[in-house]
Amino acid sequence: MWGPGPTVAEPIGPVEGPLTALDAVRAVEAELGHVLDEALCRARAVDPLYARDVAGRVTAFVRRGGKRLRTAFAWCGWRAAGGSGDATALLRTGVALELVQACALIHDDLMDGSPLRRGAPAVHVDLAAMHRAARMTGPPEAFAASAATLAGDLALVWADDLLTETALGSPYGPQLHREWRAMRGEMVAGQYRDIHAQAAGSSGVDEAVGIATLKSALYTVERPLALGASLAGADARTLEALRSAGRCAGLAFQLRDDLLGAFGDPDLTGKPAGDDLRTRKLTYLLAVGLRLAEASGDREAADLLGPHAGARSDETVERMRTALERTGAWTVVEDRITELAATSLRHFAGAGADPAVRREFAALVERASGVAPERTGEAA
């Protein structure tokens, strides 16, 4: 689950909480197990059928893994702001982030019609299979869409409950809750802008960046950094530096995800490749490709990448990939990822974190963006 990274020195000063981001992820995994066990027990007390079909699927989905990047970035924010001592609030915030991520993925897969997630059937696909196996009445897809919506909602309810309990028990609870509240609103706004752009056939580069920022960059890195820092009572200067670092790293993460969505290996990513192209989702990659095609007079590429009705065939998707390479869009996106990763490290250095934490953050940015440390500049 956790790739190799540079050797990390011991943090400066006594710290009772996790010493590294990997330690934090391991501790959150353990806490996550307890939280899910308790949530499932509560669900069984409410109704056994709901617990089996809905709550059980949410807990199984969350336990199935994931990068746990948000937890690791929250730890970096906590330590960058001087966090030390009892890390319980940080760990429970990490669990809440994993639960809200589950909500986002379940709903996103449903809206996009994606069949796979984390190497297994997406939740709505699994629920449709359950409907067929049980020979229930009505269209399986309609039942599955409704049930998967409820599953995603339940993950968000559990996340909100946990974050609220944590905020109430923290001296920095109001700031923690403000960051959380902002993050939830941004997620919904980004998801709506995403489906609106697809329906409207939008193609603008600026719009693609705005969607990527709202939908992914903020809640993947910027808000987790700020949530962790809030638990350490971070001042305004530190928070500003961390937010800037997080926005750049989060956007680099999303642009890498766009490339993997178009060109990645499903056996490695755990999700299909080409779906974004098949449905012509507005990504930075596609928007840049269309702009370059139009600027160079490549009419074939412009027609392939431009908006038109209907899903693309496998052959058309392959031609779109070729067009994205031919126009130089892939190279432009790769260069932009490298630039964003390097800028993120510079902003993080401005937060005043000690060298060990800066190295941890650099390793996480590498993992999120796919850009090696020697290309972004090693954190001092």
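## Worked exercises on a predicted model

Helix 15 has 21 residues and spans 31 Å between its first and last C-alpha, close to the 30 Å expected at 1.5 Å a residue. That expected span is 1.5 Å times one less than the number of residues. Helices here (H or I, at least four residues) and strands (E, at least two) are DSSP runs, numbered from the N terminus. Before you start: this is a predicted model, so local features need pLDDT of at least 70, side-chain atom pairs count only at pLDDT 80 or more, and totals for chains, interfaces and linings use all residues. Residues are numbered from 1 along each chain as its sequence is written, and side-chain values use heavy atoms, with hydrogens and water left out.

**Exercise 1. Find which residues of helix 15 are buried.**

Step 1: get the cut-offs straight. Buried means under 20% relative accessible area, exposed means over 50%, and partly exposed is in between (1.4 Å probe, protein chains only).

Step 2: go along the helix. The buried residues of helix 15 include Ala329, Val333, Ile337, Leu340, Leu345 and Phe348. Glu334, Thr338, Thr343 and Ser344 are also buried there.

**Exercise 2. Work out which rings pair with Phe361, and how.**

Step 1: recall the rule. Rings of Phe, Tyr and Trp (its six-membered ring) pair if their centres lie within 6.5 Å; planes under 30 degrees apart count as stacked, over 60 as edge-to-face and the rest as tilted. The structure holds three aromatic pairs.

Step 2: take Phe73. Phe73 and Phe361 pair edge-to-face, at 5.8 Å centre to centre with 65 degrees between the planes. This pair links distant parts of the chain: Phe73 is in helix 3 (residues 69-80) and Phe361 in helix 16 (residues 355-369), 288 residues apart.

Step 3: now take Phe348. Phe348 and Phe361 are stacked, with 4.0 Å between centres and 5 degrees between planes. Here Phe348 sits in helix 15 (residues 329-349) and Phe361 in helix 16, 13 residues apart.

Step 4: put it together. Ring pairs link Phe73, Phe348 and Phe361 into a cluster. Phe73 and Phe361 are buried, and Phe348 is buried too.

**Exercise 3. Place Phe361 in the largest nonpolar core and list its contacts.**

Step 1: a nonpolar core is a set of buried Ala, Val, Leu, Ile, Met, Phe, Trp, Tyr and Cys residues joined through side-chain atoms within 4.5 Å. The largest one has 116 residues, and those with the most contacts inside it are Trp180, Phe348 and Phe361.

Step 2: contact means heavy atoms within 4.5 Å. Leaving aside neighbours within four places in sequence, Phe361 is in contact with Phe73, Cys76, Leu225, Ala245, Ser344, Leu345 and Phe348.

**Exercise 4. Describe the path of helix 8 and say why it counts as largely enclosed.**

Step 1: check the span. Helix 8 (residues 205-231) has 27 residues and reaches 36 Å from first C-alpha to last, close to the 39 Å expected.

Step 2: look for a bend, meaning the angle between axes fitted to the seven residues ending at a residue and the seven starting there. Helix 8 bends by about 60 degrees at Leu218.

Step 3: check burial. Because 21 of its 27 residues are buried, helix 8 is largely enclosed by the rest of the structure.

Step 4: look just past the end, where Gly233 takes a positive phi of about 70 degrees.

**Exercise 5. Arg68 and Arg135 both have a positive phi; decide whether each is buried or exposed.**

Step 1: Arg68 is in the loop between helix 2 (48-63) and helix 3, with phi near 60 degrees. At a relative accessible area of 4%, Arg68 is buried. Its C-alpha is 6.8 Å from that of Val25, 43 residues apart along the chain.

Step 2: Arg135 is in the loop between helix 5 (123-133) and helix 6 (140-168), with phi of about 55 degrees. Arg135 is exposed, at 76% relative accessible area.

**Exercise 6. Find what surrounds Lys281.**

Step 1: locate Lys281 in the loop between helix 11 (275-278) and helix 12 (284-296). With 6% relative accessibility, Lys281 counts as buried.

Step 2: list contacts. Beyond neighbours within four places in sequence, Lys281 is in contact with Asp112, Asp194, Gln198, Lys215, Asp276 and Leu286.
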